[in-house]
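Thanks, everyone, for making the time this morning. I would like to walk through one structure with you, starting from the overall picture and ending with a few individual residues.

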Amino acid sequence: MPDRNHPSTHPPLPPTTEDDRVTWLRLLRSRRVGPTTFHRLLADHGTAAAALGALPEVARAAGVPDYTTCPEGVAVAELRAGAKAGARLLTYADPAYPAALRDLSDAPPVLWIKGDPALLARPVIAIVGARNASSLGLRMARALAAELSGQGFVIASGLARGIDTAAHHASLERGTIAVMAGGVDVIYPSENKALCQQIAKTGLCLSEQPIGLVPQARHFPTRNRLVSGLARAVVVVEAAAKSGSLITARTALDQGREVMAVPGHPIDARASGCNMLIRDGATLVRSAADVIEALPQAQAPVQAEIPLPDPAPPARPARPLRDTAALHSEILARLGPSPLAEDQLIRDLASPAQAIAPALVTLELDGRITRHPGGLVSLAV
């Protein structure tokens with residue numbers, strides 16, 4: 001079933017040549033084009049090449065007259081750097097692309113991977129938690145990861161210190177996925193270099209960021225949505241009341257994933273986030289059996305065959321400039337600094353989705369709104 005934020009009923013044509021991959025990268029790496037805008041442009045124009053050609057005009061219509069797309073040399077250099085690093089570029093249209101991520105409204109158009117892509121077709125459980133984990137927390141993470149791995153689940157985490165590292169170590173032999181905040185060739189923290197190299201041999205390292213990118217603070221919440229998006233369930237083992245692990249848990253809920261938590265002592269700050277999650281309805285986890293029992297009885301994900309797109313997208317009728325300006329004003333008036341679900345915005349405006357979606361693309365390119373994981377949108381701040 002197509003995502004409500006993607007108007008096309010067919011996936012894009014897979015890039016089969018070097019030129020195709022360069023074009024996809026140029027479109028994605030162009031200024032103000034994030035995953036959601038990329039998918040919208042591709043759906044509107046049929047191919048990445050057509051979308052790239054139309055992008056300057058789309059930007060001019062949004063009030064950005066000097067807009068330039070990502071130069072070809074930048075995309076070519078990224079592909080060469082990826083090959084040199086031993087990484088593979090996986091596109092949204094590739095049959096090996098993870099089915100779990102394809103369902104997301106902000107699915108990464110491209111992924112850089114190192115390791116065994118077959119892990120992406122197996123059921124995944126994410127285990128996340130505190131960087132400054134306690135000895136008991138680390139033991140619990142290792143026990144959960146080892147037993148779930150032994151039951152056939154792939155363990156995903158973020159390669160961070162503490163709980164993430166323990167979960168990766170315990171599931172190395174049977175398969176673990178490290179979702180990285182920077183480039184797939186940039187190991188952070190550096191102390192996990194040996195672990196990351198082992199994962200690339202027996203598991204999978206994955207990132208949506210360009211090769212060579214050093215992660216900044218803003219990249220970690222973006223990374224977290226992939227950790228939860230890959231998984232059937234997210235298990236939190238120790239987390240403070242305000243932590244990245246709770247961001248992952250909230251994102252998991254938005255994505256329709258199961259959220260589970262290991263309880264802790266009430267006066268231990270490292271357990272406060274987990275206890276809050278359990279209070280609010282998360283499944284209490286004492287062992288791997290609790291995780292397995294709470295999972296929906298569903299088949300392991302199977303990669304679907306990619307159908308070919310329509311020969312040409314239907315032409316869109318031109319919208320009068322006055323009507324477009326009025327719609328933009330109405331959208332901006334409805335939005336604030338707090339993120340709002342796009343489908344709720346569409347209901348509030350009582351306008352067809354096919355009219356709202358291109359307006360949101362234009363406003364995003366103009367820098368007036370910001371897209372957030374989970375299909376949320378807010379005024380740019």
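I will go through the chain as a whole, then the sheets, then one helix pair, and finally some local details.

Please keep in mind from the start that what you see is a predicted model, and that everything I say about it is computed from that model. The chain has 381 residues, of which buried residues make up 50%, and its secondary structure consists of 15 helices and 12 strands. If we take the contacts between residues at least 6 apart in sequence, 72% of them join residues that are at least 24 apart.

Let me turn to the sheets. One of them is an open sheet of 9 strands, with mixed pairing, and going across it the strand order reads 1-2-6-5-4-3-7-8-9. Which strands stand at the edges of this sheet? They are strand 1, residues 88-91, and strand 9, residues 283-284, and because each of them has a single partner strand, one side of each is left without a neighbour in the sheet. At the strand 1 end, strand 1 and strand 2, the latter covering residues 110-115, run antiparallel and are joined by 4 bridges, and within that pairing Leu90 has Leu111 of strand 2 as its bridge partner. Towards the other end of the order, helix 11, residues 269-279, packs on the sheet and touches strand 7, strand 8 (258-262) and strand 9, while its direction makes about 130 degrees with that of strand 8.

There is also an open sheet of 3 strands, in the order 10-12-11, and here the pairing is antiparallel. Its edge strands are strand 10 (340-341) and strand 11 (369-372), each of which pairs on one side only. Strand 11 is joined to strand 12, residues 376-379, over 4 bridges in the antiparallel sense, and if you would like a specific pair to look at, Thr370 has Ser378 of strand 12 as its bridge partner.

Next, a helix pair. Helix 1, residues 18-29, and helix 2, residues 35-45, have axes that come within 9 Å and cross at roughly 125 degrees, and the two helices are therefore oblique to each other. The crossing in which helix 1 passes helix 2 is right-handed. On the helix 1 side the contact is made by Trp24, Leu27 and Leu28, and on the helix 2 side by Phe38, Leu41 and Leu42. Sorting the residues of this contact by character gives 6 nonpolar, no polar and no charged.

The loop between helix 1 and helix 2 holds Arg32, whose phi is near 70 degrees, a positive value in a residue other than glycine. Is this arginine buried, partly exposed or exposed? With a relative accessible area of 35%, Arg32 is partly exposed.

Glu238 makes a useful second case, since it too is not a glycine and has a positive phi, of about 65 degrees. This residue sits in the loop between strand 7 and helix 10 (244-254), and Glu238 is buried, because its relative accessible area of 11% falls under the 20% cut-off.

Just before that loop we come to Val237, which belongs to strand 7, residues 233-237. Val237 is buried, with a relative accessible area of 1%. Leaving aside its neighbours within four places in sequence, its contacts include Ile127, Val128, Gly129, Ala130, Met140, Leu144, Ile163, Val262 and Cys274. Of these partners, let me single out Gly129, which is 108 residues away from Val237 in sequence, although their C-alpha atoms are 4.8 Å apart in space.

Two further details are worth a look on the screen. The peptide bond that joins Tyr188 and Pro189 is cis, with omega about 0 degrees, and Pro189 is placed in the loop between strand 5 (176-179) and helix 8 (193-202). Finally, His219 is found in helix 9, residues 219-230, and is buried, with a relative accessible area of 8%. Apart from residues up to four places away in sequence, His219 touches Ala181, Gln209, Leu213 and Val214.

That is where I will stop, and I am happy to go back to any of these places in the viewer.

Terms used. Residues numbered from 1 in each chain as written. Predicted model: local features only at pLDDT ≥ 70, side-chain atom pairs only at ≥ 80, totals over all residues. Heavy atoms only, no water. Axes fitted to C-alpha atoms, helices over the stretch in contact; angles between N-to-C directions. Parallel < 35°, antiparallel > 145°, perpendicular 65-115°, else oblique. Left-handed = near helix turned anticlockwise from the far one by under 90°. Contact = heavy atoms within 4.5 Å. Nonpolar A, V, L, I, M, F, W, Y, C, P; charged D, E, K, R; others polar. Pairing = 2+ DSSP bridges. Buried < 20%, exposed > 50% of the residue type's maximum accessible area, 1.4 Å probe, protein only.
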